[in-house]
Amino acid sequence: MPLPEPIRSFFYAYESLARRVVRTPWGLVVTDRRYPDVYDANKAQVLEAAPDLTFDEIRRALVPMLERDGIAFEHIEFMCLSDRVPAAREAQAVCGRSRPDVVMAFDADIPLEPRPSAALVREVTHPDEAFWRSWIDSRLEFGVSMSQPVLDQLLDRDRRVFRRAGMRIFAGYIDGELAGFCSLLSMEAAGYIDSVVTRREFRRRGVASATVSAAVSASVKARDRATFLLAEAGGRAQRLYEKLGFQVIARANGYTRPIEPLGTEGYL
């Protein structure tokens, strides 16, 4: 089954912020030559129920767009993962296993109760260059190595695309120092919480709980009909979000590999 509304409509709107967008019966393909090294900006995304969809069908829609814009990798996301979809099995066989994520939605029937935190949270309405540098440097807090071109492209995308689309930032401060933050982007009556980061020296002091709770409150006040986020399946973050009132509604996974021409013998 596809993601519930309005979350599914959010993804269609969110991905349509890219420079090139093509809708398909099973979802969409997007490319953005401004960000050639960012996986998330150049991909195929499966958003619809497609029990007969194959990996080859996805690639036939994806690869020509990647080649046209000079993208060097193939990235495919399944936003409602099902082992019954041949494309997901084939992607795993070709690209190897990757860590699945869970899509988690806030249960509006559960009162949002503030959890103990040492952080003072406020919305950052006019981030300066020092803030943006801390923002992009935080990408390295996840333990994933990224080159400087990738970091630069991610920062430009956040500032030029998502910020202009209405992305809000909620930052937590401890003793006047920036301790962590998260973002909120509302589209199609759904609020998406992302970039949840606590700086290493401030961890286990309730910073993430405080910033995410502030973002949820802002989403509710904006009259979003759903507030959601993504987390690594079975990870510490998932357990934290469950304590805050989020529930798993779907599984998602992404597969990436260097681009290969269509029709390569022995590829599939």
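**Exercise 1. Classify R223: buried or exposed?**

Solution.
- Start with the cut-offs: buried is under 20% relative accessible area, exposed is over 50%, and partly exposed lies in between (1.4 Å probe, protein chains only).
- R223 has 73% relative accessibility, so R223 counts as exposed.
- Now place R223: it sits in the loop between α6 (207-221) and β10 (226-232).
- Helices (H or I, at least four residues) and strands (E, at least two) are DSSP runs, numbered from the N terminus.

This is a predicted model: local features need pLDDT of at least 70, side-chain atom pairs count only at pLDDT 80 or more, and totals for chains, interfaces and linings use all residues. Residues are numbered from 1 along each chain as its sequence is written, and side-chain values use heavy atoms, with hydrogens and water left out.

**Exercise 2. Examine the backbone at R223, S195 and P6.**

Solution.
- Recall the background: most residues other than glycine have a negative phi, and most peptide bonds are trans.
- R223, just after α6, takes a positive phi of about 65°.
- S195 also has a positive phi, near 55°.
- S195 belongs to strand β9 (residues 190-198).
- S195 counts as buried because its relative accessibility is 13%.
- Turn to the peptide bond between E5 and P6: it is cis, with omega about 5°.
- P6 lies in the segment before α1 (7-15).

**Exercise 3. Check the length of α6 and its burial.**

Solution.
- The expected span of a helix is 1.5 Å times one less than its number of residues.
- For the 15 residues of α6 this gives 21 Å; the end C-alpha atoms are 21 Å apart, so the two agree.
- Next, burial: 11 of the 15 residues of α6 are buried, so α6 is largely enclosed by the rest of the structure.
- Among the buried residues are V207, A208, V212, A215 and S219.

**Exercise 4. How many salt bridges does the rule give? Describe three pairs.**

Solution.
- Apply the rule: a side-chain nitrogen of Lys or Arg within 4 Å of a carboxyl oxygen of Asp or Glu.
- The count comes to 20 salt bridges.
- Pair one is E123 with R168, whose closest N and O atoms are 2.9 Å apart. This pair links distant parts of the chain: E123 is in strand β6, R168 is in strand β7 (residues 168-174), and 45 residues separate them.
- E123 is partly exposed, at 31% relative accessible area. R168 is partly exposed too, at 29%.
- Pair two is D156 with R160, at 3.2 Å between the closest N and O atoms. Both lie in helix α5 (residues 148-162), four residues apart, about one turn of the helix.
- D156 is partly exposed, at 27%, and R160 is partly exposed, at 34%.
- Pair three is E5 with R8, at 3.3 Å, N to O. E5 is partly exposed, at 41%.

**Exercise 5. Which residues are linked in a network of salt bridges?**

Solution.
- The members are E15, D40, K43, E77 and R157.
- Side chains of opposite charge can pair when their charged atoms come close.

**Exercise 6. Which residues gather in a patch of positive charge on the surface?**

Solution.
- Patch members must have over 30% relative accessible area and no salt bridge; like charges are joined within 9 Å, nonpolar side chains (Val, Leu, Ile, Met, Phe, Trp, Tyr) within 5 Å.
- The patch holds R115, R204, R236, R239 and K243.
- R115 lies in the loop between β5 (101-106) and β6 (120-123).
- R115 counts as partly exposed, at 38% relative accessibility.

Conventions:
Accessible areas come from the Shrake-Rupley method with a 1.4 Å probe; for residues, only the protein chains shown count as cover. Lys and Arg count as positive and Asp and Glu as negative; His and the chain ends are not counted. The place of a charge is taken as NZ of Lys, CZ of Arg, CG of Asp or CD of Glu.
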